[in-house]
Amino acid sequence: MLPSSIQISGEPLSGAEVRDICRGLRDNAVRLLSLRGCRLCDRDFGRICRALAGATSLAQLNLNLGVVSSPSRIKQLAEALRTNRSIQSLFLHGSPLTDAGLALLNPALALHPALVALDLGDCMLGDEAINLICGLLPPDGAKSGLKELTLSANPGITPKGWSRLAIAVAHSSQVRVLNLDYNPLGDHVAGMLAVAVASSRTLEVLDLEGTGLTNQSAQTLLDMVENYPTALRSLVLAENSISPELQQQICDLLSEGEEEEEVAGGTGNTQEWERGREPAVHQRGSSSWMCPSDPSSQMVLMTSGLGDSLLAETEM
């Protein structure tokens with residue numbers, strides 16, 4: 001039997017449901033487990049963690065919206081991740097981790113052999129957490145690391161922390177998607193990120209929606225896209241004080257770069273990673289401006305938060 005998905009959202013979990021989840025994990029019958037916003041007692045959370053520790057079919061784990069709500073649960077999850085070898089995508093958006101909680105979780109994240117996507121949006125993180133996260137983005141020639149990182153809505157991170165992240169991204173040989181939406185970055189941090197993008201050989205998607213940018217940032221990003229060859233395919237600049245003209249110029253340049261790659265026969269075989277991250281402030285709709293350079297990039301961003309359904313479709 002092919003592995004299936006278990007998706008429950010915002011509901012209290014009964015003892016029977018927890019037993020079924022644990023049985024499915026132990027039988028390696030679950031590829032996607034999403035319990036976003038679910039309510040369960042500490043004992044049942046521990047039972048699920050023990051079951052997922054040995055699961056070999058589980059690829060995506062979504063515990064968004066407060067499921068990991070205490071230091072004891074963080075420790076239980078860390079213990080499970082130390083044993084598990086199959087999870088590729090871990091979503092903890094909206095969990096009150098804080099820097100101290102991420103410090104408990106980090107050793108298991110750093111040693112996990114399969115983890116490539118991590119959502120730590122709205123997790124009350126600060127600069128100490130950034131120091132740990134940079135260790136998950138190893139430089140060229142080092143071990144494999146994250147391909148997708150989400151840090152949306154963590155206003156406790158200072159420009160010093162963002163500068164350190166920018167350096168790590170510039171030297172990472174892995175990261176392809178970076179979501180920093182709804183952080184108060186401002187033009188100074190955006191300038192550092194532009195340098196990081198220009199240096200990176202892998203970054204394809206950068207989400208800067210609602211980050212306090214102005215035309216000054218947009219001009220820097222425009223100069224970067226115009227004068228430096230990069231892997232960037234999609235740049236999200238919605239909900240910023242940036243003129244439509246500058247936005248369109250950036251979009252046109254990214255589109256031109258993608259067309260040139262297609263003419264050269266090098267569209268690439270970029271793998272689409274399953275999405276499960278939450279919209280930081282509101283569900284994005286048609287009013288949001290983004291700059292995809294091809295339809296596939298638009299699909300990736302506009303379906304953010306809908307990874308469960310996407311993965312379920314692939315199993316049909």
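Buried here means under 20% relative accessible area.

**View 1. The whole chain, as a predicted model.** By that cut-off, 54% of the protein's 316 residues count as buried. The fold is built from 11 helices and 10 strands. Take the contacts between residues at least 6 apart in sequence: 86% of them join residues at least 24 apart. The accessible surface adds up to about 13,300 Å², with carbon and sulfur atoms contributing 53% of that.

**View 2. Helix α3 and its two faces, spanning residues 71-83.** From first C-alpha to last, the 13 residues of α3 reach 19 Å, close to the 18 Å expected at 1.5 Å a residue. Look for Arg73, Ile74, Leu77, Ala78, Ala80 and Leu81, which are the buried residues here. They sit on the same side of α3 because they cover an arc of only 165° around its axis. Turn to the face pointing away from that buried side and you'll meet Pro71 and Lys75, both exposed.

**View 3. What α3 packs against: two helices' worth of neighbours and a pair of strands, namely α2, α4, β3 and β4.** The helical partners of the buried α3 residues are α2 (42-53) and α4 (98-111). On the strand side, those buried residues pack against β3 (60-62) and β4 (89-91). Arg73 belongs to the buried set, along with Ile74 and the others named in the previous view.

**View 4. Cysteines 41 and 49, one partly exposed and one buried.** Which cysteine sulfur is nearest to that of cysteine 49? It belongs to cysteine 22, and the distance is 9.3 Å. A disulfide would need the two sulfur atoms within 2.5 Å, so cysteine 49 is in no disulfide. Across the model, the disulfide count is 0. Cysteine 49 has a relative accessibility of just 4%, so it counts as buried. Cysteine 41, by contrast, has a relative accessible area of 40%, which makes it partly exposed.

**View 5. Proline 12, in the loop between β1 and α1.** The loop holding this proline runs between β1 (4-7) and α1 (15-26). Is proline 12 buried or partly exposed? Its relative accessible area is 44%, so it lands in the partly exposed class. Set aside the neighbours within four places in sequence, and proline 12 is in contact with Glu17 and Arg39. Arginine 39 lies 27 residues away along the chain, yet the C-alpha atoms of proline 12 and arginine 39 are separated by 4.4 Å.

Definitions and conventions
Residues are numbered from 1 along each chain as its sequence is written. This is a predicted model: local features need pLDDT of at least 70, side-chain atom pairs count only at pLDDT 80 or more; totals for chains, interfaces and linings use all residues. Side-chain values use heavy atoms; hydrogens and water are left out. Helices (H or I, at least four residues) and strands (E, at least two) are DSSP runs, numbered from the N terminus. The expected span of a helix is 1.5 Å times one less than its number of residues. Buried means under 20% relative accessible area, exposed over 50%, partly exposed in between (1.4 Å probe, protein chains only). The arc is that of the directions from the helix axis to the C-beta atoms. Contact means heavy atoms within 4.5 Å. Accessible areas come from the Shrake-Rupley method with a 1.4 Å probe; for residues, only the protein chains shown count as cover.
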